[in-house]
Amino acid sequence: GGQSHASREGINMAAAPRTVLISGCSSGIGLELAVQLARDPRQRYQVVATMRDLRKKETLEAAAGEALGQTLTVAQLDVCSDESVAQCLGSIQGGEVDVLVNNAGMGTVGPVEGLSIAAMQSIFDTNFFGAVRLVKAVLPGMKRRRQGHIVVVSSVMGLQGVMFNDVYAASKFALEGFFESLAIQLLQFNIFISLVEPGPVATEFEGKLLAQASTAEFPGTDPDTLRYFRDFYLPASRELFRSVGQSPQEVAQVIVKIIGKARPPLRRQTNARYSPLTLLKALEPSGALYVRTAHSLLFRWPRLLNLGLRCLAWGRLPTRVGPR
Ligand SMILES: NC(=O)c1ccc[n+]([C@@H]2O[C@H](COP(=O)([O-])OP(=O)(O)OC[C@H]3O[C@@H](n4cnc5c(N)ncnc54)[C@H](OP(=O)(O)O)[C@@H]3O)[C@@H](O)[C@H]2O)c1
């Protein structure tokens with residue numbers, strides 16, 4: 001009732017700030033999230049904003065402004081290195097992380113025949129094993145203290161596959177399965193898991209992807225597939241980012257809300273404009289309806305797809321999924 005709520009608020013206000021560790025803060029969603037949490041009006045957070053290459057820290061430091069050195073510190077962390085993870089956690093005051101945000105990630109697009117196994121493994125090492133490394137490092141402390149929150153920046157591609165994003169989607173599906181499994185055990189320890197699933201977001205991510213895709217040769221791929229990828233998929237993908245893309249600020253706002261909750265949700269999509277697509281699978285969980293519809297839109301009615309994307313770009317549909 002009202003009284004217990006009020007007393008809990010009272011405890012919260014007196015409590016020390018929660019230490020939030022975020023991976024991949026050199027740009028995009030991680031950078032925005034670090035800054036928004038560090039500028040929390042109620043100063044509920046002490047943010048450890050990490051990146052693998054500290055030479056990139058200027059943008060974050062400039063965006064942090066007065067929060068720098070107060071509620072935000074920058075630290076080196078390469079999620080692909082056990083040593084770097086150990087060193088980073090060892091340098092945290094008190095050594096305890098209350099909220100871990102697994103944000104670091106990389107994309108890859110292209111026909112699978114043209115991607116090397118080594119390139120695929122490196123996507124998994126960052127997107128999947130990177131998060132696993134950090135979780136293994138913070139979990140003992142969280143369990144001992146019987147509290148914690150682990151946020152994972154997944155993707156709508158963690159819920160359903162997208163053509164030419166086979167490996168990236170697989171890495172996000174891996175995260176979804178891993179963290180859903182862990183969530184069951186961790187409820188027993190008062191530790192919460194939240195999988196955040198953005199649609200397209202306008203960050204460096206897309207630029208890096210398209211640059212990679214336009215220079216890669218995809219050896220061993222048949223000419224029909226390669227032509228389709230370059231002449232149809234890449235332009236359509238650009239259009240998708242333009243028409244339904246969210247800003248990293250918007251996605252960070254959703255995550256800030258989730259971190260502020262006493263009972264954070266297990267899953268949260270961030271982009272309402274993308275939800276017609278995720279709905280196709282939610283309505284028919286075998287995925288067959290989604291696969292057939294996506295196939296028809298891409299191969300049979302590409303003009304309808306383009307028209308749909310343009311309408312979304314012109315329309316004033318809100319991009320945010322409203323609060324529940
Ligand atoms: N943009 C989208 O459309 C979109 C959609 C859904 C989900 N997501 C997810 O959102 C997350 C953030 O991506 P973003 O859109 O903000 O893209 P971004 O601006 O490219 O940010 C990615 C961040 O991950 C970092 N990173 C990559 N490998 C790393 C490693 N080994 N160790 C530590 N950091 C590493 C990058 O650092 P460097 O600068 O050193 O490379 C960068 O700071 C990713 O998990 C991505 O999969 C993105």
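Tyr168 is buried in this predicted model, because 24 other C-beta atoms lie within 10 Å of its own, and a count of 20 or more is what places a residue in the buried class. The position of Tyr168 in the chain is within helix H6, which covers residues 166-187. The UniProt record, in an unreviewed entry, carries the annotation "active site" for Tyr168, and an annotation of this kind may be inferred rather than shown by experiment. When its neighbours within four places in sequence are left aside, Tyr168 is in contact with Gly107, Thr108, Ile123 and Met157.

**Other residues of helix H6**

Helix H6 also holds Phe179, and this residue is buried, with 24 other C-beta atoms within 10 Å. Phe179 is in contact with Val152, Ile193 and Leu195, once the neighbours within four places in sequence are set aside. Phe179 can also be compared with a residue elsewhere in the chain, since its C-alpha atom and that of Cys80 are separated by 19 Å, while the two residues stand 99 residues apart along the chain.

Ala183 lies in helix H6 as well, but Ala183 is partly exposed, because 17 other C-beta atoms are found within 10 Å and the partly exposed class lies between the limits of 12 and 20. Not counting residues up to four places away in sequence, Ala183 touches Ile193 and Leu266. The C-alpha atoms of Ala183 and Arg144 are 16 Å apart, and 39 residues separate the two along the chain.

**The loop before helix H6**

Which residues does Ser155 contact, leaving aside its neighbours within four places in sequence? They are Lys172, Glu197 and Pro198. Ser155 is found in the loop between strand S5 and helix H6, and Ser155 is buried, with 28 other C-beta atoms within 10 Å. For this residue the UniProt record lists "binding site", again from an unreviewed entry.

Gln160 is found in the loop between strand S5, residues 148-153, and helix H6. Gln160 counts as partly exposed, because it has 18 C-beta neighbours inside 10 Å. Its contacts, leaving aside neighbours within four places in sequence, are Thr278, Lys281, Gly287 and Tyr290. From C-alpha to C-alpha, Gln160 and Gly114 are 22 Å apart in space, and they are 46 residues apart in sequence.

**Two residues with positive phi**

Most residues other than glycine have a negative phi. Arg146 has a positive phi near 55 degrees although it is not a glycine, and Phe218, also not a glycine, has a positive phi of about 50 degrees. The table sets out where each residue lies and how it is classed.

| Residue | Phi | Place | Other C-beta atoms within 10 Å | Class |
|---|---|---|---|---|
| Arg146 | near 55 degrees | loop between H5 and S5 | 10 atoms | exposed |
| Phe218 | about 50 degrees | loop between H7 and H8 | 16 atoms | partly exposed |

**Helix H8**

Helix H8 covers residues 223-244, which makes 22 residues, and from its first C-alpha to its last it reaches 30 Å, close to the 32 Å expected at 1.5 Å a residue. At Phe229, helix H8 bends by about 35 degrees. Phe229 is also one of the buried residues of H8, together with Tyr233, Ser237, Leu240, Phe241 and Val244. In an α-helix there are 3.6 residues a turn, so residues three or four places apart point the same way. Against what do the buried residues of H8 pack? They pack against helix H7, residues 204-215, and helix H12, residues 302-314.

**The surroundings of the ligand**

The ligand is surrounded by 32 residues, and the closest of them are Gly24, Gly28, Ala104, Gly105 and Phe205. Three elements give two or more residues to this shell, namely helix H2 (28-38), helix H5 (117-145) and helix H7. Helix H7 provides the largest share, with 4 residues. Sorted by class, the shell around the ligand has 13 nonpolar, 12 polar and 7 charged residues. Helix H7 therefore appears in two parts of this description, as an element packed against by the buried residues of H8 and as the element with the largest share of the shell around the ligand.

Definitions and conventions:
Residues are numbered from 1 along each chain as its sequence is written. This is a predicted model: local features need pLDDT of at least 70, side-chain atom pairs count only at pLDDT 80 or more; totals for chains, interfaces and linings use all residues. The expected span of a helix is 1.5 Å times one less than its number of residues. The bend at a residue is the angle between axes fitted to the seven residues ending there and the seven starting there. Two residues are in contact if their C-beta atoms, placed from the backbone, lie within 7 Å. A residue is near a molecule or strand if its C-beta atom, placed from the backbone, lies within 6 Å of it. Ala, Val, Leu, Ile, Met, Phe, Trp, Tyr, Cys and Pro count as nonpolar, Asp, Glu, Lys and Arg as charged, and the others, Gly among them, as polar.
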